Amino acid sequence: MQPIPYLFFNGNCREAMTHYGMIFGKGPEIMSFEDMPEADRASMPGVPDDAVMHAGLAIGDGWLFASDDTTGDTPQMAGCNVCVSLAGDDETRRVFDALADGGDVRMPLSPMFWTSLFGTLTDKFGTRWMIMADSDYQ
């Protein structure tokens with residue numbers, strides 16, 4: 001069993017997951033509300049057809065799931081981060097910089113006692129990330 005982070009967005013899930021797919025090198029699987037059976041759609045009047053019912057993005061051996069919150073009530077992400085550990089410093093810098101573009105770096109990448117690089121940020125979609133390098137840093 002493996003936990004899977006599930007993110008909720010206020011109408012921009014498709015944009016966010018497509019952006020993450022470009023960064024992590026694999027397109028997301030996206031199912032829109034228009035893809036639902038008609039009987040299920042009928043119970044959700046007013047939901048835009050292009051809203052994302054469910055999206056999944058493979059990142060390494062794990063997954064990131066997401067959806068649009070059609071109520072618009074999803075609060076900003078707080079108290080939780082998506083943590084990704086990457087192979088090598090160059091890949092760690094590339095991913096960190098791509099996620100930081102248009103966002104807010106909370107802690108720049110820097111060496112830590114457990115890894116050669118670690119940093120935190122909130123991206124332009126409001127997702128909080130912890131990014132680090134896989135290493136046996138001494």
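The questions and answers below deal with a predicted model, its salt bridges, its nonpolar core and its strands.

Residues are numbered from 1 along each chain as its sequence is written, and side-chain values use heavy atoms, with hydrogens and water left out. As the model is predicted, local features need pLDDT of at least 70 and side-chain atom pairs count only at pLDDT 80 or more, while totals for chains, interfaces and linings use all residues.

Reader: How many salt bridges does a search of the whole structure find?
Author: A salt bridge is a side-chain nitrogen of Lys or Arg within 4 Å of a carboxyl oxygen of Asp or Glu. One of them joins Arg94 to Glu91, at 2.8 Å from N to O. The search over the whole structure gives three.

Reader: In the salt bridge of Asp49 and Arg41, is Arg41 buried or exposed?
Author: The two side chains meet at 2.5 Å, N to O. Buried means under 20% relative accessible area, exposed over 50%, and partly exposed in between (1.4 Å probe, protein chains only). Asp49, at 38%, is partly exposed. Arg41 has a relative accessible area of 15%, so Arg41 is buried.

Reader: Which helix holds both Arg93 and Asp90?
Author: Helices (H or I, at least four residues) and strands (E, at least two) are DSSP runs, numbered from the N terminus. Arg93 and Asp90 form a salt bridge with their closest N and O atoms 3.8 Å apart. Arg93 is partly exposed at 38%, and Asp90 is exposed at 63%. The two are three residues apart, about one helical turn, in residues 89-100, which is helix H3.

Reader: Which element gives the largest share of the largest nonpolar core?
Author: A nonpolar core is a set of buried Ala, Val, Leu, Ile, Met, Phe, Trp, Tyr and Cys residues joined through side-chain atoms within 4.5 Å. The largest one here has 28 residues, and Tyr20, Phe24, Leu99 and Trp129 have the most contacts inside it. Elements that each supply at least two of its residues include strand S3 (52-59), strand S5 (82-87) and helix H1 (13-24). The largest share, six residues, comes from H1.

Reader: Which leucines does Trp129 touch?
Author: Contact means heavy atoms within 4.5 Å. Residues up to four places away in sequence are not counted, and the partners of Trp129 include Tyr20, Phe24 and Arg106. The leucines touched are Leu64, Leu99 and Leu121.

Reader: Which strands stand at the edges of the open sheet of four strands?
Author: Two strands pair if DSSP finds at least two bridges between them. The order is S1-S4-S3-S2, with mixed pairing. Two of these strands have a single partner strand each, so one side of each is left without a neighbour in the sheet; they are S1 and S2 (29-32).

Reader: At about what angle does H1 run to S3?
Author: Axes are lines fitted to C-alpha atoms, for helices over the stretch in contact, and angles run from 0 to 180 degrees between N-to-C directions. H1 lies across S1, S2, S3 and S4. The angle between H1 and S3 is about 10°.

Reader: Which residue takes a positive phi in the hairpin of S7 and S8?
Author: S7 and S8 run antiparallel and are joined by five bridges, with Thr120 opposite Met130 in S8. Eight of the eight residues of S7 are buried. The hairpin has five residues between the strands, and the one with a positive phi near 90° is Gly126.
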